[in-house]
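User: Please take a close look at one part of this structure, the open sheet and what packs on it. I would like a connected account that also says how far the model can be read.

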Amino acid sequence: MIKILNIYSIGFWKLIQKLFKSKGEGYLLITKILTIVVFISTSGISHAQTKGNGGGVYGHRIVPYSDPINIIRIKSNPKNDVRLFPLYKYVVDTSFVNPLRIGDTLTDDILDLSLQVIDSLGEKQIISLRDFSSQKLLVLDFWTTWCSPCIKSMIKWESLQSKLPNKIILIGVHLDFDYKVKPFVLERGWKSPTVIGLNGYVLNRYFFDRDVISRTVWIKNRKVVNISDAKDFGEEMIGRYLEGEDVKLPRNLDWTYREKGVKR
């Protein structure tokens, strides 16, 4: 992408030269400004990338969104705060992620992963999974604003958390443009924090072999105990499970790394 940007920059440079060839100081001023713009643009795109021995680029990446028509549409809505939540796409390098299966214990790298969240007041905060009690059921619910089953799942877990606050901790994880979360959460009065940004996508890939929404990861005593969708469970079943009863939990293993010790 940097090479492509440089090609366009060089072409634009030649155009500026033609336009200002006889303008003296004006040409020099434009040249300096363009130099700065090109430097900033290429530096931003290469952020979080590292060149390997083979010359390729590896590492998680933050890529500026580049569809000009859609950018204009997004910015035209005053609810979309793209100043506070810039338009980025996130790319996860899975070579830096150790997959987790049902039965696995969370490792330090995921427990200490810095997670940017939007809280119930619409404010940005930084948390980690280690911040939360291992004695409670920690629920990671992966969602987007346009996914109806995702929203139903979040509503269900919000209700369960409000009824069982000493036993359940809910953390939403949003996998779409960051600007969508704040107005959506505030309008619905959700109390749980929602993860945004690159590390939300990184967190998702610990449990799934691609970007996956409409799934819930259950964690107890820092161990992955279940992965499910929003179907076939309610307050009674969850209550019995949390009381230690032997309950058959609803499970959906699509796009997961399957159970521990079982090859996909």
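Analyst: Two strands are said to pair if DSSP finds at least two bridges between them. Strands here are DSSP runs of E with at least two residues, and helices are runs of H or I with at least four residues, both numbered from the N terminus. In the hairpin of β10 and β11, 2 residues lie between the strands, and N221 takes a positive phi near 55°. This is a predicted model, in which local features need pLDDT of at least 70 and side-chain atom pairs count only at pLDDT 80 or more, while totals for chains, interfaces and linings use all residues. Residues are numbered from 1 along each chain as its sequence is written, and side-chain values use heavy atoms, with hydrogens and water left out.

The hairpin strands are β10, residues 215–220, and β11, which pair in the antiparallel sense over 5 bridges. K220 stands opposite K223 in β11. Strand β11 covers residues 223–228, and 5 of its 6 residues are buried, where buried means under 20% relative accessible area, exposed over 50% and partly exposed in between, with a 1.4 Å probe and protein chains only.

The hairpin belongs to an open sheet of 7 strands with mixed pairing, in the order β6-β5-β9-β8-β7-β10-β11. Its edge strands are β6 (124–127) and β11, each of which pairs on one side only. Neighbouring strands of this sheet are turned by 30° against each other on average, direction ignored; axes are lines fitted to C-alpha atoms, for helices over the stretch in contact, and angles run from 0 to 180 degrees between N-to-C directions. Strand β7 (residues 137–143) runs antiparallel to β10, and 5 bridges join the two. One of the residues involved is F142, whose bridge partner in β10 is R215.

Helix α8 packs on the sheet, touching β7, β8 (168–174), β10 and β11, and its direction makes about 25° with that of β10. Contact means heavy atoms within 4.5 Å. The segment after α8 (235–242) contains T256. T256 is buried, with a relative accessible area of 2%. A polar atom of its side chain lies 2.8 Å from the backbone oxygen of L253.

Two other helices can be set beside this part. In α7 (residues 198–205), 8 of the 8 residues are buried, so the helix is largely enclosed by the rest of the structure. In helix α3 (residues 68–75), N70, I71 and I74 are buried. Seen down the axis of α3, the buried residues fall within an arc of 105° and therefore line one face of the helix; the arc is that of the directions from the helix axis to the C-beta atoms. P68, I69, I72 and R73 are exposed on the other side of α3.

As for confidence, pLDDT is the predictor's confidence in each residue, from 0 to 100. The mean pLDDT of the protein is 82, and 76% of its residues reach 70 or more. Over residues 1–23 the pLDDT stays under 50, and over residues 27–56 the pLDDT is below 50. Where pLDDT is low, the predicted coordinates should not be read in detail.

Technical notes
Polar contact = N/O pair within 3.5 Å; in protein donor to acceptor, adjacent residues only side chain to side chain.
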